[in-house]
Amino acid sequence: MARASKPWWREDRQAWFVTIDGQRYNLGPDEGEAHREFHRLLSLAPAVRTPKASPSTGLTVADVLDKYLDWCQKHRAPRTFDWYRDHLQSFTDFLSKPDEMLVADLKPYQVVEWIDQYPSWGANYRRGALIAVQRPFNWATKVGYINASPIPHIEKPQPTRREQAVTPDEWESIRDHYREGDPFRDLLEFAWETGCRPQEVKAIEARHIQLAQRRVLFPAAEAKGKKRIRIIYMTARAEGIIRRLLKLYPNELLFRNSKGRGWNYASMNCRFSTLKKHLGVKYCGYALRHGFATRKLESGLDHITVAALMGHADATMLSKVYSHIGDRHDHLRDQLNRESVDGRPNA
């Protein structure tokens with residue numbers, strides 16, 4: 001049975017809660033304040049209904065973000081920590097004195113204005129950035145640092161499927177735009193040759209390399225999902241890149257930009273934006289991975305093998321994400337006209 005729309009005391013959280021139109025709100029530990037907040041919420045339209053964060057905690061925005069990053073560093077994969085750190089640093093750089101701003105004073109419009117500074121961000125990246133800022137406050141509410149998030153409801157872009165796939169002809173144009181040994185070409189070429197994820201190539205360190213087996217191995221704790229080891233098999237060209245980088249960074253992160261720093265979304269996006277001025281197309285890291293899958297499937301490699309090379313647990317994701325191959329009419333026509341089982345061409 002659904003709860004009645006009136007505040008109730010939750011013993012495990014030592015706070016009053018209420019559910020309005022399917023949304024649960026933390027009203028704080030004081031009964032009188034909880035009922036006043038309840039009536040305030042009822043007076044608002046659902047689209048603008050936002051619970052007040054109690055200023056009595058004295059925590060600032062910077063306090064909450066720092067606490068979350070400390071927790072994230074202890075309990076999440078290094079790449080996840082880096083992802084949050086980069087987003088949250090960008091957000092705090094935008095705010096005026098986040099180390100003095102109380103949590104209760106943070107408003108949703110400030111998050112929206114931060115995002116709007118970057119019109120080149122795609123829908124998926126904007127959505128991820130919004131989640132990255134909201135999650136620390138949701139976490140702080142859950143563990144009891146604050147009574148409620150000040151930014152629980154911000155409209156997010158709908159996620160879009162990454163269907164861009166670099167073709168072999170496009171790859172030649174991309175590759176030849178950079179000189180041999182250019183750090184960005186190294187990163188792109190390794191991704192093109194192996195089909196690895198952008199975040200994987202950016203995270204490869206010397207300790208991950210197994211030259212005798214011609215592969216890169218991420219332990220389960222460092223792999224996506226943190227359940228299985230991730231093996232990236234290398235072609236001769238990919239191995240050549242790795243051997244050269246190992247001479248430069250024998251005990252460190254291998255793929256670095258021209259300033260000697262590890263690649264991140266911002267630095268890669270900058271290079272892709274510059275590339276667009278020359279080639280007329282805005283590519284992304286995943287377009288190379290999709291190109292790998294497309295050309296391997298079209299070459300006749302079975303989908304289970306392709307899925308394994310790409311690090312998928314099974315072929316389910318491959319069939320969902322790469323269904324666009326069905327739109328490649330030239331490929332379908334060629335398959336139709338291949339020799340039939342008895343050796344005679346199809347009519």
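Q: What makes two atoms a polar contact?
A: A polar contact is a pair of N or O atoms within 3.5 Å, where one can donate a hydrogen and the other can accept it. Keep that cut-off in mind as we explore this structure, which is a predicted model.

Q: What makes the link between Asp182 and Phe184, at the start of H7, a polar contact?
A: A side-chain oxygen of Asp182 reaches to within 2.8 Å of the backbone nitrogen of Phe184. That pairs an O with an N inside the 3.5 Å limit, so the name fits.

Q: How do you know whether the length of helix H7 agrees with its number of residues?
A: Helix H7 covers residues 183–194, which is 12 residues. At 1.5 Å a residue they should span 16 Å, and the end C-alpha atoms are 17 Å apart, so the two values agree. Just after H7 comes Gly195, with a positive phi of about 75°.

Q: Why is H7 described as largely enclosed by the rest of the structure?
A: The description follows because 12 of its 12 residues are buried. Among them are Pro183, Leu188, Phe190 and Trp192, along with charged residues including Arg185 and Glu189.

Q: Which element gives the most to the largest nonpolar core?
A: That core has 35 residues, and Leu188, Phe190, Ile204, Leu254 and Phe255 have the most contacts inside it. Helices H6, H7, H8, H9, H10 and H11, together with strand S5, each give two or more residues. H7 gives the most, with 6 residues. Apart from this core lies another, of 29 residues, including Leu69 and Val111.

Q: Which residues does Phe190 touch, setting aside those up to four places away in sequence?
A: Phe190 touches Cys196, Val201, Ile204, Val216, Ile232, Met234, Ala238, Ile241, Ile242 and Phe255.

Q: Why is Arg256 called buried?
A: Its relative accessible area is 16%. The word applies under 20%, so Arg256 qualifies. You can find Arg256 in the loop between helix H9 and helix H10.

Q: What does the side chain of Arg256 reach?
A: The side chain of Arg256 makes a polar contact with the side chain of Glu252, at 3.0 Å. The Arg256 side chain also reaches the backbone oxygen of Gly260 at 2.9 Å. Leaving aside neighbours within four places in sequence, Arg256 is in contact with Pro183, Tyr249, Arg261 and Trp263.

Q: What makes Glu33 and Arg36 a salt bridge?
A: Their side chains meet at 3.1 Å, N to O. The limit for a salt bridge is 4 Å between a Lys or Arg nitrogen and an Asp or Glu carboxyl oxygen, so the pair counts. Side chains of opposite charge can pair when their charged atoms come close. Glu33 and Arg36 are 3 residues apart in helix H1, which means that about one helical turn separates them.

Q: Why do Glu33 and Arg36 get different words for their exposure?
A: Arg36 has 52% relative accessibility, so it counts as exposed, the word for values over 50%. Glu33 has 45%, which falls between 20% and 50%, so it is partly exposed.

Q: How many salt bridges does the structure hold?
A: The structure holds 19 salt bridges. Glu180 takes part in one with Arg185 at 3.0 Å, N to O, and in one with Arg237 at 2.6 Å, N to O. Glu180, Arg185, Glu189 and Arg237 are linked in a network of salt bridges.

Q: Why is the pair of Glu180 and Arg237 said to link distant parts of the chain?
A: Glu180 sits in the loop between H6 and H7, while Arg237 is in helix H9, 57 residues apart.

Q: How do you know whether Glu180, Arg185 and Arg237 are buried or exposed?
A: Arg185 has a relative accessible area of 10%, under 20%, so it is buried. Glu180 at 47% is partly exposed, and Arg237 at 30% is partly exposed too.

Q: What makes the phi of Lys97 worth a look?
A: Phi of Lys97 is near 55°, a positive value in a residue other than glycine. Lys97 is found in the loop between helix H3 and helix H4. With 51% relative accessibility, over the 50% cut-off, Lys97 counts as exposed.

Q: Where is Arg214, and what is its phi?
A: Arg214 is in the loop between strand S4 and strand S5. Its phi is positive, about 55°, although Arg214 is not a glycine. Arg214 is partly exposed because its relative accessible area is 37%.

Notes: Residues are numbered from 1 along each chain as its sequence is written. This is a predicted model: local features need pLDDT of at least 70, side-chain atom pairs count only at pLDDT 80 or more; totals for chains, interfaces and linings use all residues. Side-chain values use heavy atoms; hydrogens and water are left out. Helices (H or I, at least four residues) and strands (E, at least two) are DSSP runs, numbered from the N terminus. Buried means under 20% relative accessible area, exposed over 50%, partly exposed in between (1.4 Å probe, protein chains only). Contact means heavy atoms within 4.5 Å. The expected span of a helix is 1.5 Å times one less than its number of residues. A nonpolar core is a set of buried Ala, Val, Leu, Ile, Met, Phe, Trp, Tyr and Cys residues joined through side-chain atoms within 4.5 Å.
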